[in-house]
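Welcome, and please open the structure in your viewer. We will go from stop to stop, selecting a few residues each time.

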Amino acid sequence: MESCINCVDNLRKYKCSKCSAPYCSVACYRAHKDSPQCVARESEVKKTEVGYQEEPTLHVPFPTDDTVAADKLQQLENCQDLRNLLHNPHLRSLLQQIDVAINAQTAMMAAMQEPLFVEFANACLQVVEPMTDAERAEIELYS
């Protein structure tokens, strides 16, 4: 395991988000981030220059009945309702928590208790799998 870039005595627990240097504590991170050693990785510089880059995938995911086609997922990028919802810091925090959760199913169940997350999920579904007229009529009937 690597040693902390700042104090060198302790083993690393974290990595600098800017340059991936190992550090062991908040104090060491603060000292490191202001130092000349902390330089953005070349890939990060390219990402900000070129714009968003997709995360590389080692293999094509195994398709299931719930797999959404890539072209449908691409449509999410252009949905103004989703863009507006994603301005909400609470929603972004919920999404980050789900992303790093050890048990994604439990995290999703907890998030679905939040009206804001339900609104987000519904907006995604409207783009990816729009309701038919019959489904809309059924919802209106029960409303």
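What follows is a short tour of a predicted model, beginning with the whole chain and then moving to chosen spots.

**Stop 1: the whole protein**

Show the protein as a cartoon and colour it by secondary structure. You should find eight helices and two strands. Follow the chain from the N terminus, and the elements come in the order β-β-α-α-α-α-α-α-α-α. The protein has 143 residues, and 19% of them count as buried. Contacts between residues at least 6 apart in sequence include 30% that join residues at least 24 apart.

**Stop 2: the loop between the strands**

Select strand S1 (14-15) and strand S2 (22-23), then pick Ser 20 in the loop between them. What is the phi of Ser 20 near? The angle is near 70°, a positive value in a residue other than glycine. For background, most residues other than glycine have a negative phi. Ser 20 is partly exposed, and its relative accessible area is 22%.

**Stop 3: helix H5**

Next, select residues 89-100, which form helix H5. Its twelve residues reach 17 Å from the first C-alpha to the last, close to the 16 Å expected at 1.5 Å a residue. Now show the side chains of Leu 91, Leu 94 and Ile 98, the buried residues of H5. Why do they lie on the same side of H5? They do so because they cover an arc of only 60° around the axis. In general, an α-helix has 3.6 residues a turn, so residues three or four places apart point the same way.

Turn the helix around to see its other side, where Pro 89, Gln 96, Asp 99 and Val 100 are exposed. To see what the buried residues of H5 pack against, add helix H4 (80-85), helix H6 (104-111) and H7 to your selection.

**Stop 4: Glu 114**

Keep H5 on screen and select Glu 114, which sits in the loop between H6 and H7. Is this residue buried or partly exposed? Glu 114 is partly exposed, with a relative accessible area of 29%. Leaving aside residues up to four places away in sequence, Glu 114 touches His 90 and Leu 94. You can also draw a distance from Glu 114 to Leu 91: their C-alpha atoms are 9.2 Å apart, while the two residues are 23 apart in sequence.

**Stop 5: helix H3 and Val 128**

Select helix H3, residues 70-76, and look for Leu 73. Leu 73 is partly exposed, at a relative accessible area of 44%. Ala 70 is also found in helix H3, and this residue counts as exposed at 62% relative accessibility.

Now add Val 128 and draw two C-alpha distances. From Leu 73 to Val 128 the separation is 6.7 Å, across 55 residues along the chain. From Ala 70 to Val 128 it is 10.0 Å, across 58 residues.

**Stop 6: the second largest pocket**

For the last stop, select Asp 65, Asp 66, Thr 67, Val 68, Ala 69, Lys 72, Ala 121, Cys 124, Leu 125, Val 128 and Glu 129, which line the second largest pocket. About 230 Å³ of space lies inside this pocket. Which helix gives the largest share of the lining? That is helix H7 (residues 115-128), with four residues. Colour the lining by class, and you will have six nonpolar, one polar and four charged residues.

Note on methods. Residues numbered from 1 in each chain as written. Predicted model: local features only at pLDDT ≥ 70, side-chain atom pairs only at ≥ 80, totals over all residues. Heavy atoms only, no water. 1 Å grid on protein atoms, 1.4 Å probe; cavity = no way out; pocket = protein on both sides within 12 Å on 5 of 7 lines; lining within 4 Å. Points joined across faces, edges and corners; volume = space filled by probe spheres on them. Nonpolar A, V, L, I, M, F, W, Y, C, P; charged D, E, K, R; others polar. Expected span 1.5 Å × (residues − 1). Buried < 20%, exposed > 50% of the residue type's maximum accessible area, 1.4 Å probe, protein only. Arc of directions from axis to C-beta. Contact = heavy atoms within 4.5 Å.
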